Amino acid sequence: MKLIRIHPDDNVAVALEDLHAGEALEVDSVSVVAAEDISRGHKIALRSIAEGEPIVKYGNPIGLARTDIAQGAWVHVHNVRTGLSESAEYTYCHKEYAKPEVEPRTFRGYRRPDGRAAVRNELWIIPTVGCVNSIAASLVRENQHLVGGNIDGLYTFAHPYGCSQMGDDHAQTRKLLAALVRHPNAGGVLVLSLGCENLTQEQFKAELGQWDDRRVKFLVCQQHEDELEAGSELLEQLAEYANGFEREDIPASELVVGMKCGGSDGLSGITANPTVGRFSDRLVALGGSTVLTEVPEMFGAENILFSRCADEAVFEKAVAMVNRFKEYFVSHGQVVYENPSPGNKAGGITTLEDKSCGCVQKGGSAQIVDVLEYAEPVTKKGLNLLSGPGNDLVSATDLTAAGAHLILFTTGRGTPFGAPAPTVKISTNTALFNKKNNWIDFNAGSVAEGEDLDDAGDRLLDYVLSVASGEQTKAERHGAREIAIFKDGVTL
């Protein structure tokens, strides 16, 4: 099979392998001859398309023809333009789909005293200000002897913020870092401050709220003659506490899994993203939770999600989230459709609508039960939407802060980064899986080669439960652990 027509209404098909000019092809009883060479992941016109007519993929318009497009022609940025604008009206038209039947499953995780589950038992150092990043790194380097037994690792998450910030930026930094301190995958946390920054220890403690002083320790570097010695002593205490946790059987219903894509290509919405969608439906059917973010990559595909909002209150929150992000673009003098990236385009994605329709496939078909603000924790079982940008590291950090135990990251181009939560890389094509096997954990390219999406979803569920039980991702093995904090305002 060289072509796939995703929806019966589509007037384009996607090449599953490179096509050559003059090659005769057939898909869904439609015969077409390639008018030119067309790369894998790119689109071919199944019929003549007039100038101004919608280009239809996924059963949705993904743009408008710039010129007349002949049958068999390559359909891409040279002959397609976006149909998006900064304003849109939305109406709640509820749809509900049957959940898949899934047998109860468990994973081997850690049970915290507050009842929450965890998939890792690590020691984390959280700098409240970028000035102490090097001290945090030294503490990690000099205390690796604490790792072992029931302690899975010792990490810090450098960032440049915590000082010279005002208003919403200052509040977002404080909120994000406090959310990381609360994350269940951290069995012990050292909060590391300098002592003269805007984000004072008093502010941070107020943001954090209640904490267990066996699990969370604080160190202000300016108050100690030798901050490395003082920090090491605190880490010893945290390690003694954290080492008391052991893995046990926990129902899969307690998992929270974030969903993200990056370096997408023309197969993302056909293989990897729908595979994640099948996984999401299965985890939700088990009583678990999934989280979808990247609001700008919902533009043009909002109604696919909005129709599945569980009620009008959730719908209104979802509309408000999308409109706020559009206002964010406009307030900075930017158009909402300045996307996809050069790498996306090289992989076959033509417009933001094209990218968005593929992106939201990760949400499967489950009902949307809640819409969360940036770094707000998941509290409702099921599929959640989370406010956040499309940027890979910013949104993956956001998913971690929302409480995701691990993150599924689909990619057609490949990327080595990792969030604080275990980050599973899922390839859209087998060639990438084979080429970058040191980055990629799971191959969904097999779907383009004939694997049924339901089978791929079952396979991904099995793998996720293995990771939740302790199997390390490639990013974990390489020590890829990073954060990025959403910033919008003035730096003093």
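In this predicted model, E236 has its place in helix α4, which spans residues 227-242. With a relative accessible area of 39%, E236 is partly exposed, because that value falls between the 20% and 50% limits for buried and exposed residues. E236 also belongs to a patch of negative charge on the surface, where it gathers with E225, D226, E229, E233 and E240.

The surface has a nonpolar patch as well. M166, V490 and L492 make up this patch, and its area is about 320 Å². V490 lies in the segment after α13, the helix of residues 474-477. The relative accessibility of V490 is 53%, so this residue counts as exposed, the limit being over 50%.

Turning to the strands, an open sheet is formed by three of them in the order β6-β7-β9, with antiparallel pairing. The edges are taken by β6 (54-57) and β9 (80-81); each has a single partner strand, so one side of each is left without a neighbour in the sheet. In general, strands of a sheet pair through backbone hydrogen bonds, in a parallel or an antiparallel manner. Strand β7 covers residues 60-65 and is joined to β9 by two bridges, the two strands running antiparallel. On the β9 side, R81 is the bridge partner of L64.

Salt bridges come next, and the model holds 27 of them. One of these joins K43 to D354, with 2.9 Å between the closest N and O atoms. This pair links distant parts of the chain, as K43 sits in strand β5 (residues 43-45) and D354 in helix α9 (residues 352-359), 311 residues apart. Both partners, K43 and D354, are buried.

A further salt bridge brings together the side chains of E207 and R174, at 3.0 Å from N to O. Here too, distant parts of the chain are linked: E207 belongs to helix α3 (residues 201-208) and R174 to helix α2 (residues 167-182), with the two residues 33 apart. How do the two partners stand with respect to the surface, buried or partly exposed? E207 has a relative accessibility of 26% and therefore counts as partly exposed, whereas R174, at 18%, counts as buried. The limit that separates these two classes is 20% relative accessible area.

The side chains of D454 and R278 also meet in a salt bridge, with an N to O distance of 3.1 Å. This contact links distant parts of the chain, namely helix α12 (residues 453-468), which holds D454, and helix α5 (residues 272-285), which holds R278; the residues are 176 apart. D454 counts as partly exposed at 34% relative accessibility, and R278 is likewise partly exposed, at 29%. Beyond these pairs, a network of salt bridges links R120, E122, E476 and R481.

A loop residue completes the picture. T379 is found in the loop between strands β19 (368-372) and β20 (382-386). T379 has a relative accessible area of 65% and is therefore exposed. Along the chain, T379 and G287 are 92 residues apart, and 13 Å separates their C-alpha atoms.

Key
Residues are numbered from 1 along each chain as its sequence is written. This is a predicted model: local features need pLDDT of at least 70, side-chain atom pairs count only at pLDDT 80 or more; totals for chains, interfaces and linings use all residues. Side-chain values use heavy atoms; hydrogens and water are left out. Patches are made of residues with over 30% relative accessible area and no salt bridge: like charges are joined within 9 Å, nonpolar side chains (Val, Leu, Ile, Met, Phe, Trp, Tyr) within 5 Å. Accessible areas come from the Shrake-Rupley method with a 1.4 Å probe; for residues, only the protein chains shown count as cover. A salt bridge is a side-chain nitrogen of Lys or Arg within 4 Å of a carboxyl oxygen of Asp or Glu. Lys and Arg count as positive and Asp and Glu as negative; His and the chain ends are not counted. The place of a charge is taken as NZ of Lys, CZ of Arg, CG of Asp or CD of Glu. Helices (H or I, at least four residues) and strands (E, at least two) are DSSP runs, numbered from the N terminus. Buried means under 20% relative accessible area, exposed over 50%, partly exposed in between (1.4 Å probe, protein chains only). Two strands pair if DSSP finds at least two bridges between them.
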